[in-house]
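I sat down with this one today and kept notes as I went. Here is the model I had open.

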Amino acid sequence: MIDVTQLNQTEKTNTFEPIISADKLNLWYGNDQALNDISIDIPKKSVTAIIGPSGCGKSTFLKTINRMVELVPSVKTKGEIRYHDLNIFDSSVNLVELRSSIGMVFQKPNPFPKTIFENIAFGPRVHGIKKKEELNEIVERSLKGSGLWDEVKDRLNESALSLSGGQQQRLCIARTLAIEPEVILMDEPTSALDPKSTLIVEELVQELKKEYSIVIVTHNMQQAARISDKTAFFLNGELVEFDNTEKIFSTPNDKRTEDYITGRFG
């Protein structure tokens, strides 16, 4: 078992206000079902970790929350995901607005081949912000929010590709913050980073949850135990168990959960 003394010591009550609720969500890639009757309530201003072996549907579920999964032409869905009580699959939903409210940070840093400044300013420009003074303020605020400002404030006109891998990932987090989301989805955001950069990002996640609701997919059990408040265990496209992280890693209800987190499979 994971050492429960390492667990995040934030409030562990079962009472919370959900910001996102999936109800009997099913998803297929062509004829292959990837998600099977997923029902889960994701709490506000907390960190929810999604764990499970490769191919279990973790990343698919994450990308369904802001409908990025629909970039795959063969995708079909059934069921609901509600965000502020609005079904995100409703025909009235504006995908640009949805993805602004529910931002995404990917597994590998993907900065644009532009300057550091232009990487952060890109989203606000798309949303109609043109004034240099306002853009300057957004860039500074976003870089401070990602813990990167002090490292790059004198390098804003340099290429973002000149940054280290860990800095590039925090730049991508800052780029997400610049569009002022309410929810941040993170798909294994530290898997390509060294231990020092991983620690910085984990500490950043703990700061960000004060203002944002975070859902993070991770293969790293110790990481899930350290930084999350709630943990969901996926297996073969199904949600096996969802509970407070301390409960999942100390006394899970399902033997499959215990077998996975103790390394018996996966």
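My entries below cover a pocket, a covered strand with its neighbours, and an open sheet.

**Entry 1: the pocket**

A reminder to myself before anything else: this is a predicted model. I started with the largest pocket and noted a volume of about 510 Å³. Which residues lie nearest its centre? I found R99, M104, F112, R175 and I179 there, out of 21 residues that line the pocket.

Next I looked up which elements contribute. Those giving two or more residues to the lining are α2 (95–101), β6 (102–105), α3 (116–126) and α6 (165–177). β6 gives the most, with four residues. I also sorted the lining by class and wrote down 12 nonpolar, seven polar and two charged residues.

**Entry 2: strand β9**

I then turned to β9, residues 230–235. Is this strand mostly covered or mostly open? It is mostly covered, as six of its six residues are buried.

I checked the side-chain directions too. K230, A232 and F234 point one way from β9, while T231, F233 and L235 point the other way. I was pleased to see the textbook pattern: in a regular strand the side chains alternate between the two faces of the sheet. Both of these β9 sets are buried, the lysine K230 included.

**Entry 3: the partners of β9**

Who pairs with β9, and in which sense? With β3 (residues 47–51) I noted a parallel pairing over four bridges. With β10 (residues 238–244) the run is antiparallel, and six bridges join the two strands.

T231 made a handy landmark for me. A49 stands opposite T231, and in β10 the bridge partner of T231 is D243.

I also stopped at the hairpin of β9 and β10. Two residues sit between the strands, and N236 takes a positive phi near 50°.

**Entry 4: the open sheet**

Last, I traced an open sheet of four strands. What is the strand order? I read it as β2-β1-β4-β5, with antiparallel pairing. The edge strands are β2 (32–43) and β5 (86–87), each of which pairs on one side only.

I followed one of the pairings in this sheet in detail. β1 (residues 18–29) and β2 run antiparallel and are joined by eight bridges. For a register point I wrote down Y29, which stands opposite D32 in β2.

**Entry 5: to look at again**

If you open the model after me, my own bookmarks are T231, with D243 as its partner in β10, and M104, one of the residues nearest the centre of the largest pocket. I would also turn to N236 in the β9 and β10 hairpin for its positive phi.

Methods: Residues numbered from 1 in each chain as written. Predicted model: local features only at pLDDT ≥ 70, side-chain atom pairs only at ≥ 80, totals over all residues. Heavy atoms only, no water. 1 Å grid on protein atoms, 1.4 Å probe; cavity = no way out; pocket = protein on both sides within 12 Å on 5 of 7 lines; lining within 4 Å. Points joined across faces, edges and corners; volume = space filled by probe spheres on them. Nonpolar A, V, L, I, M, F, W, Y, C, P; charged D, E, K, R; others polar. Buried < 20%, exposed > 50% of the residue type's maximum accessible area, 1.4 Å probe, protein only. Pairing = 2+ DSSP bridges.
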